[in-house]
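Visitor: I should like to go through a structure with a guide, asking about its fold and its side-chain interactions in turn.

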Amino acid sequence: MPYWRLSTFYFVYFATLGVILPYWSPYLSSLGFSLSEIGNLMAIIMATKVVAPNIWAWLADHHVQHTMRLVRLAALLAVVAYLGVFFGISFWWLALVMAAFTFFWNAVLPQVEVITLNHLGDDDHRYGRVRLWGSIGLILASLAVGHALDSNPEKLVLPIILFTLAAIFVSTLFIPDAQRTRHDEQSGIVGYILRSPELLSFLGVCFLLQASHAPYYTFYTLYLSDFGYSKTVIGILWALGVVFEVILFLALHRFLKPTRFRVLFIWSCIITAVRWLIIGLFPESLPLLVLAQVLHAVSFGLFHGVSVAMIHRYFTGRHQHRGMALYGSISFGAGGAVGALVSGYLMGWFGPAVTFATASVAVLLAAVLGWWQVKG
């Protein structure tokens, strides 16, 4: 398995995320956009995850021997499309540019996830050891950029993101295609999903959990800035959450067993609900904010690890790429987009306490759905 080549890709891909998630909203705020406008623009990043991965997955499923060529093309086009941010700052121009570059950027990760799992073969429990390098990239990026923004304007994020997008493209040049694991072919993917209430419920849980993350991903930096926290401290809090995510990924292979999927799935949702209540109700308590970031290991790391393993078992044969794309589309895409839109208006109308409490309720509903329908 090309461990270091795959790990390098995850490192630079999530380093990009480590700049966009904490600091793109402050950049938009510096341009004078309202909370609802910021929510709408951030929703675009998530919304393209609904469409792009499925289109590119369809292409990958019809060009099995050349999947990495498609990945490289998408990565290159993301760089080209992103250049538009340097030529305008109006709402509609940025909406167009963000839709264009994220359409290509969001197409890359699901395909590399499938390639990674196929390289791992029967050792798919070792996925966490590769994925942890993405967490490390996110940590270093959020720390470095947060520190830099305390003494530089928010527009510094523009060239940094361009650099990391270019690094993603370069990293894909060194990843080889992988032989697919042999499985019996499944029937049409839509019919397969509709015939499986458990799979539909699983995707519903993923949707609700990621929707609940939207206030955090979209407004956490702005929210804490209003309480007087510096960008350096906020960057440390972002990084701290991912540090514990890394620790979890290192140990994930020890307890990620099919017989435990259901209980891990449900408890991830319950602990996530507690995390949102802590952030929404106790923003002035740094120790509690630290505790909330420790829980990121569960609210994202554990949930994602279990979900990827379950997707790899739900979807086999020619549906592998589209199965992973569907997971990203419904959870990070549709869930994130709806969550960002709703949280933008809730933040403006009712404030952060109500917004994070609503997120907590949403993920508790996900726990109930998972308990009711998802089997072990």
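The questions and answers below concern this predicted model.

Visitor: What pattern does the protein chain follow when read along the sequence?
Guide: The protein chain has 14 helices and zero strands. The pattern along the sequence is therefore made of helices, and it reads α-α-α-α-α-α-α-α-α-α-α-α-α-α.

Visitor: What is the radius of gyration of the protein chain, set against that of a compact globule?
Guide: The C-alpha atoms fill a box of roughly 55 × 45 × 35 Å along the principal axes. For 376 residues, a compact globule would have a radius of gyration near 21 Å, and the value for the protein chain agrees with this: 19 Å.

Visitor: Among contacts between residues at least 6 apart in sequence, what percentage joins residues at least 24 apart?
Guide: Of the 376 residues of the protein chain, 59% count as buried. For contacts in the protein chain between residues at least 6 apart in sequence, the share that joins residues at least 24 apart is 85%.

Visitor: How many disulfides does the count come to?
Guide: A disulfide requires two cysteine sulfur atoms within 2.5 Å. The cysteine sulfur closest to that of Cys206 belongs to Cys269 and is 8.4 Å away, which is too far for a bond. Cys206 and Cys269 are each buried, at 1% relative accessibility. The count of disulfides comes to zero.

Visitor: How many salt bridges does a search of the whole structure find?
Guide: One salt bridge joins the side chains of Glu245 and Arg131, at 3.6 Å from N to O. Another is formed by Lys231 with Glu154, where the closest N and O atoms are 3.8 Å apart. Over the whole structure, the number of salt bridges found is two.

Visitor: How many residues apart in sequence are the parts that Glu245 and Arg131 tie together?
Guide: Both Glu245 and Arg131 are buried, and their side chains meet in a salt bridge. Glu245 belongs to helix α9 and Arg131 to helix α5 (residues 127-149), so the pair ties together parts whose separation in sequence is 114 residues.

Visitor: Lys231 and Glu154 form a salt bridge; which of the two is partly exposed?
Guide: Lys231 lies in helix α9 and Glu154 in the loop between α5 and α6 (157-172), so this salt bridge ties together parts 77 residues apart in sequence. Lys231 counts as buried at 13% relative accessibility. At a relative accessible area of 21%, the partly exposed residue is Glu154.

Visitor: Is the aromatic pair of Tyr10 and Phe14 stacked or edge-to-face?
Guide: The structure holds 28 aromatic pairs. One of them, Phe9 with Tyr10, is edge-to-face, with 5.6 Å centre to centre and 80 degrees between the planes. For Tyr10 and Phe14 the ring centres are 6.4 Å apart and the planes are at 5 degrees, so this pair is stacked.

Visitor: By about how many helical turns are Tyr10 and Phe14 separated?
Guide: Tyr10 is buried, and Phe14 is buried as well. The two residues are four places apart in helix α1 (residues 3-30), so their separation is about one helical turn.

Visitor: Which residues form one aromatic cluster with Tyr10 and Phe14?
Guide: Phe9 and Tyr10 each have a relative accessible area of 0% and are therefore buried. Both belong to one aromatic cluster together with Phe14. The other members of that cluster are Tyr13, Tyr82, Phe86, Phe101 and Trp105.

Visitor: The charged end of which residue sits over the ring of Phe14?
Guide: Elsewhere, the charged end of Arg275 sits over the ring of Tyr216, 4.4 Å from its centre. Over the ring of Phe14, at 3.9 Å from its centre, sits the charged end of Arg131.

Visitor: Which residues does Ser201 touch, not counting residues up to four places away in sequence?
Guide: Ser201 lies in helix α8 (residues 197-226). Its relative accessibility is 8%, so Ser201 counts as buried. Leaving out residues up to four places away in sequence, Ser201 touches Leu369, Gln373 and Val374.

Visitor: How far apart in space are Ile247 and Phe261, C-alpha to C-alpha?
Guide: Ile247 is placed in helix α9 (residues 231-255) and counts as partly exposed at 47% relative accessibility. Ile247 and Phe261 are 14 residues apart in sequence, and their C-alpha separation in space is 19 Å.

Technical notes. Residues are numbered from 1 along each chain as its sequence is written. This is a predicted model: local features need pLDDT of at least 70, side-chain atom pairs count only at pLDDT 80 or more; totals for chains, interfaces and linings use all residues. Side-chain values use heavy atoms; hydrogens and water are left out. Buried means under 20% relative accessible area, exposed over 50%, partly exposed in between (1.4 Å probe, protein chains only). Contact means heavy atoms within 4.5 Å. Rings of Phe, Tyr and Trp (its six-membered ring) pair if their centres lie within 6.5 Å; planes under 30 degrees apart count as stacked, over 60 as edge-to-face and the rest as tilted. A charge sits over a ring if NZ of Lys or CZ of Arg is within 6 Å of the ring centre and within 35 degrees of the ring normal. A salt bridge is a side-chain nitrogen of Lys or Arg within 4 Å of a carboxyl oxygen of Asp or Glu. The radius of gyration is taken over C-alpha atoms; the globule rule is 2.2 Å times the number of residues to the power 0.38.
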